[in-house]
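User: I am new to this structure and would like to go through it step by step. Could you take my questions one at a time and show how each answer is reached?

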Amino acid sequence: MTPEEMRKGAEAFYDAMNRKDIDFIRENLADDFVEYQEMPGIPPTKEGVIKMFEGMFAAMPDARSEIIDTVVSGNKIAIRGRFSATQTGEFMGMPATNKPFSIEAMDIVEVTEDGKSKSHSGVMDAMGMMMQVGLIPSPE
């Protein structure tokens with residue numbers, strides 16, 4: 001895949017997240033997909049990630065993701081993005097707070113020749129999210 005095709009694929013995936021399109025997400029994850037960003041109680045597999053998205057969409061129905069920047073190297077794309085939502089339901093052990101948050105995240109996705117996501121690793125500003133929704137105190 002060309003770097004431009006990989007960028008268009010990332011944009012399509014983020015658009016599917018914004019539409020809460022589980023079918024698109026399922027179709028665009030390789031069957032042997034591996035998740036390297038550990039999430040409590042979520043298996044690091046295609047089905048585990050689908051379960052995580054379903055829980056996220058239920059707990060944060062107004063969730064929005066946007067791509068800020070990308071870098072392509074070989075068969076990997078690094079994506080710096082912004083994730084914003086209001087947590088109106090329990091998610092991964094965090095109780096609903098009904099408070100909005102907006103954080104940045106970094107994703108590195110390995111892409112197959114046919115454009116499917118083969119693996120994902122990443123980091124997100126979980127501490128910032130928990131401070132914004134009031135689950136931990138902000139520094140003075």
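User: Where is the place of N28?

Analyst: The model shown here is a predicted one, and what follows is read from that model. Helix α2 covers residues 22–27 and strand β1 covers residues 29–35. The place of N28 is in the loop between α2 and β1.

User: Which backbone oxygen does the side chain of N28 reach?

Analyst: Leaving out residues up to four places away in sequence, N28 touches F13, K116 and S117. The polar contact asked about involves the side chain of N28 and a backbone oxygen at 2.8 Å. That oxygen belongs to F24.

User: Which element gives the largest share of the largest nonpolar core?

Analyst: The largest nonpolar core has 34 residues, and those with the most contacts inside it include I25, F53 and M56. At least two residues of this core come from each of α1, α2, β1, α3, β3 and β4. The largest share, 7 residues, comes from α3.

User: With which residues is F53 in contact, leaving aside its neighbours within four places in sequence?

Analyst: F53 is among the residues with the most contacts inside the largest nonpolar core, and F53 is also buried. Once the neighbours within four places in sequence are left aside, the contacts of F53 are F13, M17, I22 and I25.

User: Are the rings of F53 and F57 stacked or tilted?

Analyst: A search of the whole structure finds 3 aromatic pairs. In the pair of F53 and F57, the ring centres are 5.7 Å apart and the planes stand at 35°. Planes under 30 degrees apart would count as stacked, so the angle of 35° makes the pair of F53 and F57 tilted.

User: How many residues apart are F83 and F101, the pair that links distant parts of the chain?

Analyst: The rings of F83 and F101 have their centres 5.7 Å apart with planes at 45°, so this pair is tilted. F83 is buried with a relative accessible area of 15%, and F101 is buried with a relative accessible area of 3%. F83 lies in strand β3 and F101 in strand β4, and the two are separated along the chain by 18 residues.

User: Which residue lies over the face of F24?

Analyst: F24 has already appeared through its backbone oxygen, which the side chain of N28 reaches. Over the face of the F24 ring, at 6.0 Å from the ring centre, lies R19.

Terms used
Residues numbered from 1 in each chain as written. Predicted model: local features only at pLDDT ≥ 70, side-chain atom pairs only at ≥ 80, totals over all residues. Heavy atoms only, no water. Core = buried A, V, L, I, M, F, W, Y, C linked by side-chain atoms within 4.5 Å. Buried < 20%, exposed > 50% of the residue type's maximum accessible area, 1.4 Å probe, protein only. Helix = DSSP H or I, 4+ residues; strand = E, 2+ residues; numbered from the N terminus. Contact = heavy atoms within 4.5 Å. Polar contact = N/O pair within 3.5 Å; in protein donor to acceptor, adjacent residues only side chain to side chain. Phe/Tyr/Trp six-rings, centres within 6.5 Å; stacked < 30°, edge-to-face > 60°. Lys NZ or Arg CZ within 6 Å of the ring centre and 35° of its normal.
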